[in-house]
Amino acid sequence: QVQLVESGGGLVQAGGSLGLSCAASGSIFAINLMGWYRQAPGKQRELVATITRSGRTNLADSVKVRFTISTDNPKNTVYLQMNSLKPEDTAVYYCYADITNWGQVRGYDYWGQGTQVTVSS
């Protein structure tokens, strides 16, 4: 079917930068939306940023001026550039995609395995 493979993440000091990437592969007819969610310990998973096939972006207020989301459509890849990181950005970051597979008429949700981002103070 479809796989989302994430890379990036790790440990960084407050004020630093990190980049995440996520590549989708498989029986893909169209990627309707890609994005990133995160989940901190003891908290619910929350939206970080999404980007549509046409390039429309949506970022959480808490990251709007610090994070940038972009895509490389031919490579079915979404990127998240995170600048001015804060300790409260510490979480597992999950790649998300709404993908229409070949032979289907609507999109389905797919998730990556998650990658840890830790920001030390």
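## Hairpins and positive phi: exercises

Ser-84 sits in the loop between β8 and β9 (91-101). This is a predicted model, and the exercises below walk through its backbone.

**Exercise 1.** Find the sign of phi at Ser-84 and decide whether Ser-84 is buried, partly exposed or exposed.

*Solution.* Start with the backbone: phi of Ser-84 is positive, about 50°, although the residue is not a glycine. Set this against the general trend: most residues other than glycine have a negative phi. Next, take the relative accessible area of Ser-84, which is 40%. Partly exposed covers the range between 20% and 50%, so Ser-84 is partly exposed.

**Exercise 2.** Repeat the analysis for Asn-76.

*Solution.* First place the residue: Asn-76 belongs to the loop between β7 (67-72) and β8 (77-82). Its phi is near 50°, a positive value in a residue other than glycine. With a relative accessible area of 25%, Asn-76 is partly exposed.

**Exercise 3.** Work out how β4 pairs with β5, and which turn residue has a positive phi.

*Solution.* Strand β4 (residues 28-39) and strand β5 (residues 46-52) run antiparallel and are joined by six bridges. For a specific pair, look at Arg-38, which stands opposite Glu-46 in β5. The two strands form a hairpin with six residues between them, and Gly-42 in the turn has a positive phi of about 75°.

**Exercise 4.** Now follow β5 onward to β6 and describe the hairpin.

*Solution.* Three bridges pair β5 with strand β6 (residues 57-59) in the antiparallel sense. Ile-51 has Thr-57 in β6 as its bridge partner. Four residues lie between the strands of this hairpin, and the turn includes Gly-55, with a positive phi of about 100°.

Methods: Residues numbered from 1 in each chain as written. Predicted model: local features only at pLDDT ≥ 70, side-chain atom pairs only at ≥ 80, totals over all residues. Heavy atoms only, no water. Pairing = 2+ DSSP bridges. Buried < 20%, exposed > 50% of the residue type's maximum accessible area, 1.4 Å probe, protein only.
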